[in-house]
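This briefing introduces one protein model to a reader who is new to structural work. Please look over the sequence and the structure first, and then follow the points below topic by topic.

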Amino acid sequence: MAVALGVFGLSAQAQDGASVTGGAAPLQAQPSPSASLAFPSVFGATSAVSAPNGTAFAALSYVTPRGGVKSSDDDGDLSLGYAFGNPVSGVSAQVAINVLGLDPFGDAGSVSLSLSRMLRAGGSSATFASVGAGNVLPWGVARRGDTTYVAAVSHIQAYQLANGVELPVQYTFGYGSASTLSDDGRGRAGPGAFFGVGMGLTQNLSGSISFTETQVNMGLSLSIPQLAGAGLSLGVYDVTDNTNRQQVALGLSLAF
């Protein structure tokens, strides 16, 4: 397969600081040496693509306004995790500790877990499936929420363009117990489906759009060639402000 799969990506934060789809952090890959465009991450939707065995990661996110409430201050979240197992011959597992809110730091958070398996691979495509759970072992105000669950399928396809360049595209769709924000402005998360598409734009930049039953999210992801495993993301949750909870999110990730 021409497009290199794996490595870490940034988690999609919901308006209350929890994962939009209730799963572990979506995954992103660094550009493949055999492809001239960046691996396509998907902002705002869970990806089933797994990280390589033994990958540790850290992700710091900044969101404004907090909770999508226009009168609120900005804030951030921190996620630390590890991936192990082989999704080709078996199952890849990922566990992450998520600290919700940086001020005060560490007063709330939870653990997220996910399992991923490659369903098929051939030519220039591969398909993954995953299941995940979020808000496991919560502490602080996170204890007010229930454990969330998500299932996703992601398909990676490299399209051969006329100029010889391979265009990598990721399609991801699934269903989560906390994937849909209410459109009454109250920010309540409920069950629903989601779908997203990401595309490599340049050697280090990818763009994406994702949909829940009430939101449209758009984002960009940039790998940093000078720092292996590092990436930046910038995105907007609920571009049309349909839920009255629009947020701008900036993220920094590091995989090692």
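A nonpolar patch on the surface is formed by Leu60, Leu102, Phe105, Leu222, Leu232 and Leu252, which together have about 490 Å² of accessible area. The model is a predicted one. The protein contains 12 strands and zero helices, and 54% of its 256 residues count as buried.

**The nonpolar surface patch**

- Leu252, one of the residues of the nonpolar patch, lies in strand β12.
- Leu252 has a relative accessibility of 41% and therefore counts as partly exposed.
- Phe105 also belongs to the nonpolar patch, and this residue is found in the loop between β3 (92–100) and β4 (109–122).
- With a relative accessible area of 54%, Phe105 is exposed, because the cut-off for exposed residues is over 50%.
- Phe105 and Gly76 are 29 residues apart in sequence, while their C-alpha atoms are 9.6 Å apart in space.

**The negative surface patch**

- Four aspartates, Asp73, Asp74, Asp103 and Asp107, form a negative patch on the surface.
- Asp74 is located in the loop between β1 (55–64) and β2 (75–84).
- The relative accessible area of Asp74 is 39%, so this residue is partly exposed.

**Order of elements and the nonpolar core**

- Read from the N terminus on, the elements run β-β-β-β-β-β-β-β-β-β-β-β.
- The largest nonpolar core has 12 residues, namely Phe39, Val42, Ala45, Ala48, Val49, Met118, Ala126, Phe128, Val150, Ala152, Ile156 and Phe194.
- Strands β5 (125–139) and β6 (148–160) each supply at least two residues of this core.
- The most is given by β6, with three residues.

**Salt bridges**

- The structure holds four salt bridges.
- Three residues, Arg66, Asp75 and Asp77, are linked in a network of salt bridges.
- Within this network, the side chains of Arg66 and Asp75 meet at 3.9 Å, taken from N to O.
- Arg66 counts as buried at 18% relative accessibility, and Asp75 counts as buried at 16%.
- Both values lead to this label because buried means under 20% relative accessible area.
- The side chains of Asp77 and Arg66 also meet in a salt bridge, at 3.3 Å from N to O.
- Asp77 lies in strand β2 and Arg66 in the loop between β1 and β2, so this pair ties together parts that are 11 residues apart in sequence.
- Asp77 is buried, and Arg66 is buried too.
- Another salt bridge joins Arg188 and Asp184, whose closest N and O atoms are 2.3 Å apart.
- Arg188 is partly exposed, with a relative accessible area of 46%, and Asp184 is partly exposed at 37% relative accessibility.

**Backbone features**

- As background, most peptide bonds are trans, and most residues other than glycine have a negative phi.
- Thr64 and Pro65 are joined by a cis peptide bond with an omega of about -10°.
- Pro65 is found in the loop between β1 and β2, and Arg66 also lies in the loop between β1 and β2.
- A cis peptide bond also runs from Asp103 to Pro104, with omega near 0°.
- Pro104 lies in the loop between β3 and β4, where Phe105 is found as well.
- Asp103, which takes part in this cis bond, is one of the residues of the negative patch.
- Asn135 has a phi near 55°, a positive value in a residue other than glycine.
- Asn135 is found in strand β5 and is buried, with a relative accessible area of 15%.
- Asp241 likewise has a positive phi, near 55°.
- Asp241 lies in the loop between β11 (230–237) and β12 (247–255).
- At 25% relative accessibility, Asp241 counts as partly exposed.

Conventions: Residues numbered from 1 in each chain as written. Predicted model: local features only at pLDDT ≥ 70, side-chain atom pairs only at ≥ 80, totals over all residues. Heavy atoms only, no water. Core = buried A, V, L, I, M, F, W, Y, C linked by side-chain atoms within 4.5 Å. Buried < 20%, exposed > 50% of the residue type's maximum accessible area, 1.4 Å probe, protein only. Helix = DSSP H or I, 4+ residues; strand = E, 2+ residues; numbered from the N terminus. Patch = residues over 30% accessible without salt bridge, like charges linked within 9 Å, V, L, I, M, F, W, Y side chains within 5 Å. Areas by Shrake-Rupley, 256 points an atom, 1.4 Å probe, with all protein chains shown as cover. Lys, Arg positive; Asp, Glu negative; His and termini not counted. Charge placed at Lys NZ, Arg CZ, Asp CG, Glu CD.
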